[in-house]
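Reader: I've got a model open and would like to learn how to read its empty spaces and helix packing. Can you walk me through it?

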Amino acid sequence: MSGSDLGDHAVAVDPGRVRVWLGAILLVALLLRTLMAVAWPLPLGGDEVDYDRLGISIAAGRGIVDETGHASSFRPPAYPALVGAVYALAGARPTAVRLVQTVAGTLTVLLIFVLARTLFGAAVALVAAALVAVDFGQIALTGRLLSEGVFTTTLIGLVLASVELTRRLRERRPTAAWAAATGALAGLGALLRGVLLPYPLLLALVLALERRRAPVRGWRAAGVVLAAWGLVLAPWTLRNAVRQHAFVPVTTQVGITFYSAQNPPRGRLFGILARDSVVESVRGLPEPEQSGALLSAGLRTLTGHPGKVPRLEAMKALFFWVPFDWEVLPRYGVLNPSYVFVLFWGVVAAVLATRRAGTAKRLASLWPVWLPAFFLFGMALVFYGSPRMRLPVEPLLALPAAWALTRLAARVGPGRCVAFALVTFVPLLAGFALGDPVKAGARAVMRALGLWS
């Protein structure tokens, strides 16, 4: 799988200059993230408070427990374990965790460069890395005590491993090591964010179908992926079976999250856990029983009120893709200009690609890149959409945007391309600064559509 698979004529770039530019991009990425972590400390809120509590508990040797001291699996374990390890070494200082996250965020930029270079060549890779390096959402994640930042790094690593695995399958080269790496990264991703748990099943199915003329190779690679995934999950799953006497692969958060997605507070507040009479009625039950009861209650809501489903699904989709951020950026509910920029140029890339012969075949060959984004969007439709659900796939959106910008530079020259990019970005900065009128207009449109009460 390479740029030639896409029918793309890569822009030649001197290797020495690539190294210099990549070094500069990584330095900028690290500096911006460090500045966010150190110079703009934000008070802990929401899920951050719980991650801080769990980190303190782990550092003190109590493990992952709830407020009463009982074993808990409400939160997936990997991120609390990271926070706990940092707290054990540096004391209970959230800034120390944020500094670790600056490294993870910079590694994300490097992985995007490697991924884009593998697929499109060095020129596109440098542009994609630069877009991710200065992405507002990715920088802001560094300053939050949330699992999404490290999860993003893991997800991009998973995509890169999947690309290499697929390439080796197509070239009939050994695949075991890359299949194991793919499965292990998928398992780690699930232990960071439980929403990724089913993804390896879909990944294995697509891998098995990848080699239709040599199905044994595809099925063998799929089996190794699933085996590695299961081995990574096994210790935590066994711990839950022993400590909570139930089969909990990753998290007991599924029930309350699913129920809240079907019964959002005020009919539209997705991402906020419901606190109604149904939730209160299961309080006091063991975590696995609570989760099962609320999952059943959420299903009853869907079957008992099918007329609500279209509106709920439309809201979930809208909240996943909406360019306003109310969870990660320092200012509440502002326009995220970086996201809109890559989305716009991604649309340009789609238009350019449709004008070329064999586009469908080339897009199909890139399934390891777009499959995670579609999967997470599908999971958002099951649970809820929000900027935090979308942020891990934003670096992947930088790939088509970078491809479009590079194509434009080859056609009109680098100077004019930069001018086009600035013309796109400057109004978005104005929207970031003056977001309230834009939000008011968006709410008016949503009210007219019956989506906002």
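**Holes and helices**

Author: There are 4 cavities of 30 Å³ or more in the structure. This is a predicted model, where local features need pLDDT of at least 70 and side-chain atom pairs pLDDT 80 or more, while totals for chains, interfaces and linings use all residues. Residues are numbered from 1 along each chain as its sequence is written, and side-chain values use heavy atoms, without hydrogens or water.

Reader: How much space lies in the largest cavity?

Author: Rolling a water-sized probe over the atoms shows where empty space is left. A cavity is a set of points on a 1 Å grid over the protein atoms alone where a 1.4 Å probe fits but can't get out. Here, the largest holds about 90 Å³, the space filled by probe spheres set on its joined points.

Reader: Which residues line the largest cavity?

Author: Lining residues have an atom within 4 Å of a point. Among them are Arg33, Gln101, Gly105, Gln138 and Val150. H4 gives the most, with 4 residues; helices are DSSP runs of H or I, at least four residues, numbered from the N terminus.

Reader: At what angle do H1 and H4 pack?

Author: Angles run from 0 to 180 degrees between N-to-C directions of axes fitted to C-alpha atoms over the stretch in contact (heavy atoms within 4.5 Å). H1 (residues 15–39) and H4 (residues 94–120) pack at about 155°, axes 9 Å apart. The two are therefore roughly antiparallel, a label for angles over 145 degrees. The contact includes Leu22 and Arg33 of H1 and Gly105 and Phe113 of H4.

Methods. Parallel < 35°, antiparallel > 145°, perpendicular 65-115°, else oblique. 1 Å grid on protein atoms, 1.4 Å probe; cavity = no way out; pocket = protein on both sides within 12 Å on 5 of 7 lines; lining within 4 Å.
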